[in-house]
Every structure is written in structure tokens, then in C-alpha cells.
Amino acid sequence: MIISSKSNNLIKKIKSLELKKNRNKLGLFILEGKKFVDDAIHSGFVCENIILSEKVYFSDEDYPNITVVTEDVFSHLSDTKTPQGILGVFRIPEYDTSYDKMKKILFLDGVQQSENVGALIRSAVCCGYEGVIITNKCADPFSQKAVRSSAGAVLRIGVFKGEADLLNELKNAGFTVIGSSLAGSAQNIDFPKTVLIVGSEGNGMSDEAEEACDVLVKIPILGDCESLNAAVAGGILMYKTIGY
């Protein structure tokens, strides 16, 4: 059977996952595109549904829980300009919060743009970080926009929820907490166990996060520019924390 109605219960449920509150309530998120779907399945993510448009459906597609929909319904679910005709609905994973086993953690303190959250997660994976902590004021790392901006890297690293008070626990566990600040200095920030804080685009770190910092570092700006994009600054600092 091919679903042709946007008012179908399954279609309405999937469409509702565009909103963060519904992703959190249902514990589900959407991945669109064959590469992301395949990566999630191969990585062991729990798949609830695979939605295929009727143009790309083949009887030998080796996916679980396939539902076929018309092109119009698929476009209704997609948030891309040129849909590939495949999306998956997956369970948001729950990770082991054994921070003591980690050496490098990225702490996103109120980063509000989905593209920046995704790009920072991508850089964290590239730099060998083992976990990303997201505060409540951050954009959702499991929104479709953030997943695309991460190039699927959100599937390859543990993503945890936490607030600034967690930083003191991490310090007690032997981590050096590093934050970016105009009051900081350009110095070596390669420590054995590191938590790197990236603050919000407009206001930087919260007062609570800054108070928890052991080291404040700044990135020198040579041109006539006030600041760097949060994702760019975070990427530079992540490379500096691994000795580059």
C-alpha cells in the first residue's frame, strides 16, 4: 500500500518530529538521505520506520519497517529542496555517561544555531573528542538541520545533556576546563584531560561556565572584525587542545 494522505497517523507523527518538544517527548529523530540512514543502521541505531517515496522504492530494498509514500507526501515530510526519497525515523540514543573514561569533551553552552551545533559536533569527531555535552539552551543536535551540518558525525559520538554545574564534577574527575574569552591569553591548551567550552553566538559563555574555567584562552584576531563564528572558533580551539 502506498500512503497518499498527509493526514495519515504515521505521517502526522513523523511530521511532528520537526519540533524539538516532540522529538524529546517521543524519543525519536529523523535522518534524511540514504547515506545517513545507512550509517545509522550500520551503527546500531534503533530504526522505527523507513519512509521511501514511490519513485525510489524497489522490492529488494533491504531496510526494516518500510513504508512507501507518494512524492507529494514525501515532499511534505522532507526539509530539503531536492529530496532523495528516503528518510528514517530512529530512536534517540542513550549513552553511558562514564566521563572518567574520556579524555576530550566538548561543552556547548547555549549555542543556539543548529548549523553551528552540527558543525561543532563534526569538528569534535574530527579532533578525536569522545563526548559532547549540550546545555538546555542549545539547539537540538538531533534536528534535521543539525544532523546535516554535522555530516552525520552526530551518529559517531556520545551526545549528553548537562548544565554548567556539571563542570565542577568534571574538574573533580581530573579534567582541565577551558573557555574562550577576550580576557584570556593565546597559550598552549594541550592537557591530558580537557573540557572545552564553546559559548553562545551572541553572549559567549554563561557566568557559571566562566567561573568554572581553569584556563581562559583567546584567539587573536588580526583584521577589522569583532569576533569569529562560534563553529569556526570552536574548531580552532579543538585542534589546539590536541597539540596542533
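**Exercise 1.** In which strand does Thr194 lie? Describe the surroundings of this residue.

*Solution.* The model is predicted: local features require pLDDT of at least 70 and side-chain atom pairs pLDDT 80 or more, whereas totals for chains, interfaces and linings use all residues. Residues are numbered from 1 along each chain as its sequence is written, and side-chain values use heavy atoms, without hydrogens and water.

Step 1. Thr194 lies in strand E10; strands are DSSP runs of E with at least two residues, helices runs of H or I with at least four, numbered from the N terminus.

Step 2. Thr194 has a relative accessible area of 0% and is therefore buried, the term for under 20% (exposed: over 50%; partly exposed: in between; 1.4 Å probe, protein chains only).

Step 3. Beyond neighbours within four places in sequence, the contacts of Thr194 include Ile105, Phe175 and Thr241, contact being heavy atoms within 4.5 Å.

**Exercise 2.** Determine the strand order of the sheet and place helix H5 upon it.

*Solution.* Step 1. The open sheet has 6 strands, ordered E8-E7-E6-E10-E9-E11, with parallel pairing; strands pair if DSSP finds at least two bridges between them.

Step 2. Strands E8 (158–161) and E11 (215–217) are the edges, each pairing on one side only.

Step 3. Strand E7 (residues 131–134) pairs with E8 over 4 bridges in the parallel sense; Ile133 has Phe160 in E8 as its bridge partner.

Step 4. Helix H5 (residues 114–126) lies across E6, E7 and E10, at about 170° to E6; axes are lines fitted to C-alpha atoms, for helices over the stretch in contact, and angles run from 0 to 180 degrees between N-to-C directions.
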